[in-house]
Amino acid sequence: ELEIYGLETFGRQRVLKEMSGVRLRKNKTINYELGVRITISCRMNFDDYPLDDHTCQFQVGSYYDTQETVTCSAFFIYDTERQRSLQHFIQIENLPDKFDTVIIPSGTYAACGFQVRVQRKQMQFVVQVYLPSFMFVIVSWVSFLVKPEVVPGRMAMLVTLFLVLINIFNSVRENAPISSRLNAVDLYLVVCIFFVFAALLEYAAILLLLKKRRKPLTEIQGKEMMSKPHVPVGLTARKQALIDNIDAWAMWISP
């Protein structure tokens, strides 16, 4: 009548035969040993991914008898040297007191086991996501030092950085676990994309000021209408100062 709470799969280990046996000890106790492979479910919240950490409880108890009839105690052995490399730091500890009992409508049952604390390793995300996107945003601020008249160079830089950040965002979203809202790395990338997009909008405003509207001049001399093309003139000092101020303020506000 053994019950494992949150059990997903239960498989007995076999080599030539089933790995199980009974031991009679001198202290008048009987031990039944069985080698099994168990998969349990664990409630995890990935809203802080990849800065998340989780805690899972492995609980074993009686299926039929309540704690007045059956009590439970457990100990664990964890060999860290045999632990294979994972994407998480693993820490196994004793089961907290609040998980020593399981209360359900049929009664209160004793439970025992251990607790697993899982913390995700973050160095991989720092090198692959956080650092490159931060550098791309810094490079977008360098565009403020480029003369506004150099349209191909400045526009190509900003558009390329914008598309690269969009590609990084899509790649991260594809590999990220399901969360109830925008997780931590998604929010960070959205802010980075916004900074580059703001630099694009700033340059668009400068190009709007640089735009010259050609209007034909006409004058009537007698009965003939003669059209004279408008000769574009350079920017006024006031407009040039406004363009320079936009770039200067953008360069100081962005950091």
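**Exercise 1.** Is Arg181 buried, partly exposed or exposed, going by its relative accessible area? Then find its salt-bridge partner and place both residues in this predicted model.

*Solution.*
- Start with accessibility: the relative accessible area of Arg181 is 49%. Partly exposed residues fall between 20% and 50%, so Arg181 counts as partly exposed.
- Next, the partner: Arg181 makes a salt bridge with Asp48, with 4.0 Å between the closest N and O atoms.
- Now the locations: Arg181 sits in the loop between helix 2 and helix 3, and Asp48 in the loop between strand 5 and strand 6, so the pair ties together parts 133 residues apart in sequence.
- Asp48 is itself partly exposed, at 42%.
- Finally, shared partners link Asp47, Asp48 and Arg181 into one salt-bridge network.

**Exercise 2.** Work out which elements are tied together by the salt bridge of Asp186 and Arg173, and how accessible each residue is.

*Solution.*
- The closest N and O atoms of the two are 2.3 Å apart.
- Asp186 belongs to helix 3 and Arg173 to helix 2, so the bridge ties together parts 13 residues apart in sequence.
- Asp186 is buried, at 0% relative accessible area, whereas Arg173 is partly exposed, at 38%.

**Exercise 3.** Describe how helix 1 packs on helix 3.

*Solution.*
- Take the geometry: the angle is about 15°, and the axes lie 9 Å apart.
- Angles under 35 degrees count as roughly parallel, and the two helices are therefore roughly parallel to each other.
- The crossing is left-handed.
- Look at the contact: residues of helix 1, including Phe134 and Trp141, meet residues of helix 3, among them Tyr188 and Phe195.
- Sorted by class, this contact holds 13 nonpolar, two polar and no charged residues.

Note on methods. Residues are numbered from 1 along each chain as its sequence is written. This is a predicted model: local features need pLDDT of at least 70, side-chain atom pairs count only at pLDDT 80 or more; totals for chains, interfaces and linings use all residues. Side-chain values use heavy atoms; hydrogens and water are left out. Axes are lines fitted to C-alpha atoms, for helices over the stretch in contact, and angles run from 0 to 180 degrees between N-to-C directions. Helices (H or I, at least four residues) and strands (E, at least two) are DSSP runs, numbered from the N terminus. Angles under 35 degrees count as roughly parallel, over 145 as roughly antiparallel, 65 to 115 as roughly perpendicular and the rest as oblique. A crossing is left-handed if the near helix is turned anticlockwise from the far one by less than a right angle, and right-handed if clockwise. Contact means heavy atoms within 4.5 Å. Ala, Val, Leu, Ile, Met, Phe, Trp, Tyr, Cys and Pro count as nonpolar, Asp, Glu, Lys and Arg as charged, and the others, Gly among them, as polar. A salt bridge is a side-chain nitrogen of Lys or Arg within 4 Å of a carboxyl oxygen of Asp or Glu. Buried means under 20% relative accessible area, exposed over 50%, partly exposed in between (1.4 Å probe, protein chains only).
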